[in-house]
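The following exercises are intended for a reader who meets this structure for the first time. Please attempt each task before reading its solution.

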Amino acid sequence: MTTIAVKDGIVASDSRLTQGDVVLDDQYDKRRECNGVQFFIAGNEQVISCYFEGEDVIEDVEGTPCAEFIIADGLDVYYGGIEVHGFWKMKIRTGTPYAIGSGASYALGAMDAGATAKEAVKIASRDVYTGGIIRTHKLKGKK
């Protein structure tokens, strides 16, 4: 899957793209921007159209919901996903570190111990689905 972490107005993400147990790419950028909204996606990129057009459920070829995300829309930051019941998002409280993806538990533990978002994703690379280049992005509207 991936690891994406948010802390102190910075989002860090790995760049490993996998399909099952196969690494397809170690330089894939997990960030997309559309209409001024930043999306950091673990899974299907069609989550962008769900955000703007409605609560459709997207399924992968095996019929399972297939996306988690962090969305930065101005000063508001959300985490969410696509599940059996559709698209959902919840606001992340300001100042609260958060992580998604297969390495999220590693990243959250690292941030709780004082790591930055970038350091947390590096630590989360213990997870076999996390790796490659670690990219950081400053959230718009944050100092």
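Helices (H or I, at least four residues) and strands (E, at least two) are DSSP runs, numbered from the N terminus. The model is a predicted one, in which local features need pLDDT of at least 70 and side-chain atom pairs count only at pLDDT 80 or more, while totals for chains, interfaces and linings use all residues. Residues are numbered from 1 along each chain as its sequence is written, and side-chain values use heavy atoms, with hydrogens and water left out.

**Exercise 1. The overall plan**

Task: Determine how many helices and strands the protein has, and in what order the elements run.

Solution. Step one is the count: the secondary structure comes to three helices and 11 strands. Step two is the order, which from the N terminus on reads β-β-β-β-β-β-α-β-β-β-β-α-α-β. Step three concerns burial, where buried means under 20% relative accessible area, exposed over 50%, and partly exposed in between (1.4 Å probe, protein chains only). Of the 143 residues in the protein, 42% are buried. Step four turns to contacts, a contact being heavy atoms within 4.5 Å. Among contacts between residues at least 6 apart in sequence, 55% join residues at least 24 apart.

**Exercise 2. Aromatic rings**

Task: State how many aromatic pairs the structure holds, and classify the pair Tyr51 and Phe52 and the pair Tyr79 and Tyr98.

Solution. Rings of Phe, Tyr and Trp (its six-membered ring) pair if their centres lie within 6.5 Å; planes under 30 degrees apart count as stacked, over 60 as edge-to-face and the rest as tilted. The structure holds four aromatic pairs. One of them joins Tyr51 and Phe52, with 5.1 Å centre to centre and 85° between the planes, and is edge-to-face. Another joins Tyr79 and Tyr98: their ring centres are 4.3 Å apart and their planes stand at 25°, so this pair is stacked. Because Tyr79 lies in strand β8 (residues 76-83) and Tyr98 in strand β10 (residues 98-101), the pair ties together parts that are 19 residues apart in sequence.

The accessibility of each partner completes the answer. Tyr79 has a relative accessible area of 17% and is therefore buried, whereas Tyr98, at 23%, is partly exposed. Likewise, Tyr51 is buried at 16% relative accessibility, and Phe52 is partly exposed at 35%.

**Exercise 3. The surroundings of Tyr51**

Task: Identify the element that holds Tyr51 and the residues that Tyr51 contacts.

Solution. Tyr51 is part of helix α1 (residues 47-53). Leaving aside neighbours within four places in sequence, Tyr51 is in contact with Val37, Phe39, Ile71, Asp73, Phe87 and Lys89. Ile71 is 20 residues from Tyr51 in sequence, and the two C-alpha atoms are 9.3 Å apart in space. Phe39 joins Tyr51 and Phe52 in one aromatic cluster. Lys89 has a further role to note: its charged end sits over the ring of Tyr78, 4.0 Å from the ring centre. A charge sits over a ring if NZ of Lys or CZ of Arg is within 6 Å of the ring centre and within 35 degrees of the ring normal.

**Exercise 4. Two packed helices**

Task: Describe at what angle helices α2 and α3 pack, and which residues meet.

Solution. Axes are lines fitted to C-alpha atoms, for helices over the stretch in contact, and angles run from 0 to 180 degrees between N-to-C directions. Helix α2 (residues 104-112) and helix α3 (residues 117-124) pack at about 135°, with their axes 8 Å apart. This angle makes α2 oblique to α3, given that angles under 35 degrees count as roughly parallel, over 145 as roughly antiparallel, 65 to 115 as roughly perpendicular and the rest as oblique. From α2, Tyr106, Ala107, Ala110 and Met111 meet Ala117, Ala120, Ile123 and Ala124 in α3. Gly109 also belongs to α2, and is partly exposed with a relative accessible area of 37%.

**Exercise 5. Positive phi angles**

Task: Establish where Asp8 and Asn35 lie, and whether they are buried or exposed.

Solution. Most residues other than glycine have a negative phi. Asp8 has a positive phi, near 55°, and lies in the loop between β1 (3-7) and β2 (10-13). At 67% relative accessibility, Asp8 is exposed. Asn35 has a positive phi near 50° and is placed in the loop between β5 (31-34) and β6 (37-43). Asn35 is exposed, at 64% relative accessibility.
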